[in-house]
Amino acid sequence: MAELRTDRLILRRWEESDLEPWAAMNADLEVREHLGDQLTREQSDASVARFQAEFDRRGYGWWAVEVRATGEFVGFAGLDQVDDGLPFTGVEIGWRLARSAWGHGYATEAALAGLAFGFDTLELPEILAVTTATNLRSQAVMRRIGMTRDPADDFEDTTAPEGPLRPNVLYRIARDVRV
């Protein structure tokens, strides 16, 4: 599995020491605002096991994100196959950071590393990003990394309960137009 390094971050395989701060993130109402219910510790740990298995199978997925200067785990970023049942297919980029890591440009930095890996190593023709229509912070990251949105691609996530998590937006970037 590839480890990605940026000026300030390391995107790496998950470690046992990541489980506790990952569980804390998944129990944080602000972190989960655009994702749905909080996760139990068991659900959180199970998600890491899935991430590891997907990496082993495909060679890419959700990397743990660590701050190089401190070694602090601050979340995840990476690439994943679009979930079944959505009105499109492909590979999506995503990120989730602890509140303490918000506002430092880490999501943008990690996302740019993920795009480079997806285009240069995996040779993907296009990468997608999905979020709720109300998640303006993530949409800002999507625009900063060169992604664009066509409102005609927006959709209702029917797996989400009625309410603010259901309307979703789709952003795209093609390999030949990246920043």
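In this predicted model, Trp14, Trp22, Phe51, Trp62, Phe73 and Phe76 form one aromatic cluster. Counting ring pairs by centre distance, with a limit of 6.5 Å, gives 10 aromatic pairs. One of them joins Trp14 and Trp22, whose ring centres lie 5.1 Å apart. The planes of these two rings stand at 75 degrees, so the pair is edge-to-face; the cut-off for that class is over 60 degrees. Both partners have low accessibility values. Trp14 has a relative accessible area of 6% and is therefore buried. Trp22 is likewise buried, at 1%.

Two members of the cluster, Trp22 and Phe51, also take part in the contact between helices α1 and α2. Helix α1 spans residues 19–26, and helix α2 spans residues 41–58. Two packed helices are described by the angle between their axes and the distance between the axes. Here the axes come within 9 Å and cross at roughly 120 degrees. That angle makes α1 oblique to α2, because the roughly perpendicular class covers 65 to 115 degrees and the roughly antiparallel class begins over 145. The crossing of the two helices is right-handed. On the α1 side, the contact is made by Leu19, Glu20, Trp22, Ala23 and Asn26. On the α2 side, Arg41, Ser44, Asp45, Ser47, Val48 and Phe51 take part. The residues of this contact divide into five nonpolar, three polar and three charged.

Helix α2 also holds Arg58. Setting aside neighbours within four places in sequence, Arg58 is in contact with Leu79, Asp80 and Gln81. Arg58 and Gln81 are 23 residues apart in sequence. Their C-alpha atoms lie 9.9 Å apart in space.

Helix α4 covers residues 136–144 and includes Leu136. Leu136 counts as exposed, with 59% relative accessibility, since the threshold is over 50%. Leu136 and Leu165 are 29 residues apart along the chain, and their C-alpha atoms are separated by 13 Å. Other α4 residues are buried: Ser138, Gln139, Ala140, Val141 and Met142. The elements that cover these buried residues include helix α3 (106–121). Strands β5 (91–97), β6 (126–132), β7 (148–149) and β9 (167–174) are also among them. Just after α4, Gly146 takes a positive phi of about 95 degrees.

A positive phi is also found at Glu123, at about 55 degrees, although this residue is not a glycine. Most residues other than glycine have a negative phi. Glu123 sits in the loop between α3 and β6. At 55% relative accessibility, Glu123 counts as exposed.

A further loop position is Pro164, between β8 (155–156) and β9. Pro164 is exposed, with a relative accessible area of 57%. Beyond neighbours within four places in sequence, Pro164 is in contact with Thr132 and Thr134. Thr108 lies 56 residues from Pro164 in sequence. Measured in space from C-alpha to C-alpha, the two are 24 Å apart.

Notes: Residues are numbered from 1 along each chain as its sequence is written. This is a predicted model: local features need pLDDT of at least 70, side-chain atom pairs count only at pLDDT 80 or more; totals for chains, interfaces and linings use all residues. Side-chain values use heavy atoms; hydrogens and water are left out. Axes are lines fitted to C-alpha atoms, for helices over the stretch in contact, and angles run from 0 to 180 degrees between N-to-C directions. Helices (H or I, at least four residues) and strands (E, at least two) are DSSP runs, numbered from the N terminus. Angles under 35 degrees count as roughly parallel, over 145 as roughly antiparallel, 65 to 115 as roughly perpendicular and the rest as oblique. A crossing is left-handed if the near helix is turned anticlockwise from the far one by less than a right angle, and right-handed if clockwise. Contact means heavy atoms within 4.5 Å. Ala, Val, Leu, Ile, Met, Phe, Trp, Tyr, Cys and Pro count as nonpolar, Asp, Glu, Lys and Arg as charged, and the others, Gly among them, as polar. Rings of Phe, Tyr and Trp (its six-membered ring) pair if their centres lie within 6.5 Å; planes under 30 degrees apart count as stacked, over 60 as edge-to-face and the rest as tilted. Buried means under 20% relative accessible area, exposed over 50%, partly exposed in between (1.4 Å probe, protein chains only).
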